[in-house]
Amino acid sequence: MTPIITAFEKSPDRGRGLARDMRVRWALEEVGQPYDVRLVSFREMKEPAHRALHPFGQIPTYQEGDLVLFESGSIIFHLAERHAGLLPDDANARARAITWMFAALNTVEPPILDREAATLMERDKPWYAERSPILDERVRVRLRDLSRRLGDADWLDAAFSAGDLLMVMVLRRLGGSGLLDEHPNLCAYVARGEARPAYQRAFAAQLAVFTGKPPDGR
Ligand code: GTB
């Protein structure tokens, strides 16, 4: 049964692969699972039919027969549990990879999102000049620790895992901020993730939604 995911009909990121369907597409590509995409408008996302799939009226969702999931992390965990390629077989290595999934979503992403939200919505507010360096510093603290832990390794815990997939996607959100550039090993880590063939296929597929042209350029 081919799973169906939802994605923005018109992503505000203009095909930069920052919306959260990208991480699900990447995971599907890593495990070699073909999928269909249903594009939704901002209006449709808030209608009862979509809210039946996603209580918060967001993307992405994941449907596989009777199973309906939302939350990109849980969708990726589901895929990793059912397919080889995203979590190691060894029980302890698997637990560590899952820990990195949580670390990406629960420890590294929140300060990045806080900073991003302020940049987008508070730039014209009188407090922004004072708050902005505080938000930058909260991100820097996480990046320093992550950079130190990664060191010169390719991935966070030996082999590539769903933990790396989520961490790379979270770090990509800092593109253009200059904050990631302070850590060449993290830049190389993100580039390593982006170079994976599965990432490339996923990126091309979401970009094709924006350009209206098929991924292979035909
Ligand atoms: N925790 C949920 C998950 O991980 O699945 C968060 C889902 C979520 O935030 N979805 C966003 C959404 O549906 C799209 S990805 N927003 C519409 C709404 O809430 O009404 C967030 C996103 C949006 C746009 C950009 N961008 O333009 O760069 C990047 C990321």
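## The strands and how they pair

Let's start in the sheet: Ile 4 has Gln 63 as its bridge partner in β3. Keep in mind that this is a predicted model. The pairing that Ile 4 and Gln 63 belong to links β1 with β3, and those two strands run antiparallel, joined by 2 bridges.

Gln 63 also has a neighbour on another strand, standing opposite Val 68 in β4. That fits into the pairing of β3 with β4 (residues 67–70), which is antiparallel and spans 4 bridges. Between these two strands comes a hairpin with 2 residues in the turn, and there Gly 65 takes a positive phi near 65°.

## The crossover from β1 to β2

Now for another partner of β1 (residues 4–8): strand β2, covering residues 36–40, pairs with β1 in the parallel sense over 5 bridges. To get from β1 to β2, the chain passes through helix α1 (residues 21–31), making a β-α-β crossover that is right-handed.

If you want to find this pairing on screen, pick Ile 5, whose bridge partner in β2 is Val 37. As a general aid when you look along the sheet, side chains in a regular strand alternate between its two faces.

## Where the ligand sits

Which pocket holds the ligand? The ligand sits in the largest one. There are 14 residues around the ligand, and the nearest are Arg 20, Lys 46, Ile 59, Glu 71 and Ser 72.

Some polar contacts are worth pulling up. The side chain of Lys 46 has an N or O atom 2.6 Å from an oxygen atom of the ligand. For Gln 58, a side-chain N or O atom is 2.9 Å from a ligand oxygen. With Asp 13 the backbone is involved: one of its polar backbone atoms lies 3.0 Å from an oxygen of the ligand. As for cover, the ligand on its own has 680 Å² of accessible area, and the protein covers 78% of that.

## Backbone oddities in the loops

Ile 59, already mentioned as one of the residues that come nearest to the ligand, is joined to Pro 60 by a cis peptide bond, with omega at about 0°. Where along the chain is Pro 60 found? Look in the loop between α3 (48–51) and β3 (61–64).

Arg 14 is another spot to check, with a positive phi of about 55° even though it is not a glycine. You'll find Arg 14 in the loop between β1 and α1, so to speak on the way into the crossover helix that leads from β1 to β2.

Technical notes. Residues numbered from 1 in each chain as written. Predicted model: local features only at pLDDT ≥ 70, side-chain atom pairs only at ≥ 80, totals over all residues. Heavy atoms only, no water. Pairing = 2+ DSSP bridges. Right-handed = clockwise from strand over helix to strand, strands pointing away. Near = heavy atom within 4 Å. Polar contact = N/O pair within 3.5 Å; in protein donor to acceptor, adjacent residues only side chain to side chain. Areas by Shrake-Rupley, 256 points an atom, 1.4 Å probe, with all protein chains shown as cover. 1 Å grid on protein atoms, 1.4 Å probe; cavity = no way out; pocket = protein on both sides within 12 Å on 5 of 7 lines; lining within 4 Å. Sits in = over half its atoms within 2 Å of the grid points.
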